[in-house]
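Here's a short set of exercises on how two parts of one chain meet. Grab the viewer and work through them in order.

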Amino acid sequence: MVQRSMNRNQLHDQNLKLVLQQIFNNHPTSRIEISHQLNLNKSTVSSLYNTLMADGYLSELGLGDASTAGGRKPTLVAINQSYGYTLTFDLGYRHLHALATNLNGHIWKYDRIDTKGQSIHDMIDQMTQYIAQLQTDDTTAHGLLGICFSIHGIVDQNRVQTSPFIDMDGIDLEEVFHNAYHVPVVLENEANLSAIYERDFNGARQLNSTVTISIHRGIGAGVILRRDLFRGEHGDAGEIGQTVLTVTTDATGHVQPIRAEDIGSEDAIIRAVEAKKGQDNLDRTDIARLYQQHDPDLTLILQRATIAISSLIYNTMRTLDPDAFFLNSPLIEEVPDLLDQIRAGYQQLAHNDVTIDLTTNARLATVLGGCSVITHRALGLDGYELRFERPETPANA
């Protein structure tokens, strides 16, 4: 008797989640359409629908069109965007990116906050102040529902294991923010979030397996295999910037590995140009300007970089055999010719075609990936596919 009761409860919970998933992915929709899509009888769907409505997750939008056979017009329904909001912070080296989204995934607010030179304690103060302002402006029923952190480093068991650009000083972000706001807190690697963005918002919606290569200060990859994020046993999967491309010998005879991100990362390119020109404090805009001027020093540096990235793609293709690659790179957005050079370099190595595309909305990719992760958690739909509408880029992005 107890077992049958447990099975009924489990089936009820599963069907409740399936109905919620259907409404999220097909809004606006109706009870009759949900019944058809899930092959559940109308009375079951109505009961589940009423539960979700009573819990505040749904918003009725009015009447739709009657079917061709006539009859009553169905009531259209969608996720209630006034239920609450989620928040994603991308902890970059120079900037803190903050994205607040309604429960249906629509952008409410985006900001980029200068944090260059700040400690993790300063950044936590900035984030706390930001949340306080959101809470002042918030008009939703339940307020903050969850927080996701995009980490430029290795994350395992919801803890930062390595953070090469920000000294975490032993801070446990989950503990700090869960204790402060009593909501779910999720930490994830930024390249993994870029891959989730491609799967749930962007170019990989219809693809089974993809690799998103994030090229910033370092190089990392987010790997989607059979629609699931592959993180490895300890969160290290995708650290392809550490791939050794060749070795050299220093003056003392010691062998020194040359890694992909020593040549192909945006930071490596800028450092190489600074060394060649005898200048300091160059940035991405300076690289784009020199490229437009056909600077010969930059041309050689970029040739080495694109060969390194092409080699990474080739090696990853041979290992994982994904459907496509996506490059999350603000520098390639500034200098689109680099994408053609990378594609050409890959074809010279592989003699076959594979899709290599540039991530669109690159500046928002990680925070939108975070939006997907924390929205799944807030809705209790971890492991269920959710399809998000591709947003327009905010003016301040």
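**Exercise 1.** Work out how the side chains of glutamate 333 and arginine 363 meet.

*Solution.* Start with the atoms: the N to O distance is 3.3 Å. The cut-off for a salt bridge is 4 Å, so the pair qualifies. Keep in mind that this is a predicted model.

**Exercise 2.** Place both residues of that pair in the domain assignment of the chain.

*Solution.* Domain 1 comes in two pieces, 85-196 and 363-379, while domain 2 covers 206-359. Arginine 363 therefore falls in domain 1 and glutamate 333 in domain 2. Now zoom out: across the interface of the two domains there are 2 salt bridges, along with 5 residue pairs in polar contact, both partners at pLDDT 80 or more.

**Exercise 3.** Find out which elements give two or more residues to the side of domain 1 that touches domain 2.

*Solution.* Go along the chain and you'll pick up β7 (154-156), β9 (185-189), α6 (190-200) and α13 (362-379). Of these, α6 gives the largest share, with 6 residues. Sorted by class, this side of domain 1 has 8 nonpolar, 4 polar and 4 charged residues.

**Exercise 4.** How much area is buried between domain 1 and domain 2, and which residues of domain 1 lose the most?

*Solution.* First, the total: about 1,500 Å², with carbon and sulfur atoms giving 48%. Next, the residues: Ile154, Asn192 and Arg363 top the domain 1 side, together making up 30% of what that side buries. So Arg363 turns up again, this time for its area as well as its salt bridge with glutamate 333.

Definitions and conventions. Residues numbered from 1 in each chain as written. Predicted model: local features only at pLDDT ≥ 70, side-chain atom pairs only at ≥ 80, totals over all residues. Heavy atoms only, no water. Buried area = accessible area lost by both parts, 1.4 Å probe. Polar contact = N/O pair within 3.5 Å; in protein donor to acceptor, adjacent residues only side chain to side chain. Helix = DSSP H or I, 4+ residues; strand = E, 2+ residues; numbered from the N terminus. Nonpolar A, V, L, I, M, F, W, Y, C, P; charged D, E, K, R; others polar.
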